[in-house]
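Here are a few friendly notes to read alongside the model. They cover confidence, a cavity and one serine.

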Amino acid sequence: MSQALQDLLDLLDLEQIEENIFRGRSRPAVVPRVFGGQVAAQALVAAGRTVPEDRLAHSLHAYFLRPGDPGAPIVYTVERMNDGRSFTARRVIAVQHGQPIFALSASFQRHEEGFDHQTAMPAAPDPATLPTNADRLRGYDHLGAAVVEKFLETREAIDLRYVEEPPYGKFGEPREPHSQVWFRTNGKLADDPLLHVVLATYVSDMTLLDSVLLAHGRGGWAVGDVVGASLDHAMWFHRPFRADEWLLYDQESPSASGGRGLGQARIYTQDGQLAISVIQEGVVRAPRRT
């Protein structure tokens with residue numbers, strides 16, 4: 001396991017300070033606030049710590065309420081909403097400086113057999129044939145050394161490979177609002193289903209709004225032509241998967257309006273199993289001119 005991945009796992013390993021109350025820390029992100037994927041993953045950890053081990057996460061719905069302060073701890077309070085025969089529901093509120101910054105509802109289910117069908121996996125190149133994130137970034141002189149290093153530092157634990165050029169690599173002209181990314185952790189993980197779900201939740205916030213930017217030829221915060229932030233985030237976990245094995249993140253944007261952009265995606269295992277569905281809306285605005 002790489003040191004970067006171990007550091008990420010340590011970041012997601014919350015301290016329990018009271019029954020149903022946990023504390024997490026943050027680290028610098030590529031923007032001057034807590035990375036949304038981090039707070040979502042930590043909130044899911046908090047919820048999962050209060051659920052029987054035989055119940056696996058099957059969905060989460062979350063709202064980003066305020067920008068998080070990366071220099072302050074985050075306190076997660078878990079409300080035990082329901083413990084049924086098949087399903088368990090939890091609500092988590094993340095608090096900093098006395099104010100809620102994030103709210104998550106998560107549902108967990110005991111395994112059962114049932115009907116089974118799925119949308120077919122779209123065509124995508126083998127991830128082994130694609131340049132690594134680091135290889136791509138080192139060719140983007142237009143971003144500046146500081147931005148490139150920040151990207152490399154914050155994504156070091158994840159092997160993330162774009163099928164096409166990301167928005168900040170090629171911009172200025174609208175493209176199809178569709179993006180594909182392969183990802184896996186840079187190292188093997190323990191056989192803990194919650195851990196794999198948590199890591200996928202962490203990664204899911206990295207690239208989902210890329211397709212919104214592509215539709216308008218924008219490069220994003222890295223080139224300064226967009227101001228944005230996540231508003232809400234939802235995930236459904238359909239089938240077992242491992243976050244340390246290749247996953248295809250197939251993303252598209254069906255709409256942008258009113259200063260908001262919608263991204264939706266499906267995540268497939270390399271053998272074609274639909275593992276996760278994701279939807280997120282975010283603020284996507286042109287910078288205001290002074």
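**Notes on the cavity and a serine**

1. Strand β8 (residues 178–185) gives the largest share of the lining of the largest cavity, 3 residues. Strands are DSSP E runs of at least two residues and helices H or I runs of at least four, numbered from the N terminus.

2. This is a predicted model, in which local features need pLDDT of at least 70 and side-chain atom pairs pLDDT 80 or more, while totals for chains, interfaces and linings use all residues. Residues are numbered from 1 along each chain, and side-chain values use heavy atoms, without hydrogens or water.

3. The mean pLDDT (the predictor's confidence in each residue, from 0 to 100) of the protein chain is 94, with 98% of residues at 70 or more. Helix α4 (residues 145–154) has the lowest mean among the elements, 84, and strand β5 (residues 87–96) the highest, 98.

4. The whole structure holds 1 cavity of 30 Å³ or more; the largest has about 40 Å³ of space. A cavity is a set of points on a 1 Å grid over the protein atoms alone where a 1.4 Å probe fits but cannot get out, and lining residues have an atom within 4 Å of a point. Its lining includes Y162, R175, H178 and L214, and divides into 4 nonpolar, 3 polar and 3 charged residues.

5. S211 sits in helix α6 (residues 210–215). Is S211 buried or exposed? S211 is buried (under 20% relative accessible area, 1.4 Å probe, protein chains only), at 0%. The S211 side chain reaches the backbone nitrogen of S253 at 3.3 Å.

Conventions:
1 Å grid on protein atoms, 1.4 Å probe; cavity = no way out; pocket = protein on both sides within 12 Å on 5 of 7 lines; lining within 4 Å. Points joined across faces, edges and corners; volume = space filled by probe spheres on them. Nonpolar A, V, L, I, M, F, W, Y, C, P; charged D, E, K, R; others polar. Buried < 20%, exposed > 50% of the residue type's maximum accessible area, 1.4 Å probe, protein only. Polar contact = N/O pair within 3.5 Å; in protein donor to acceptor, adjacent residues only side chain to side chain.
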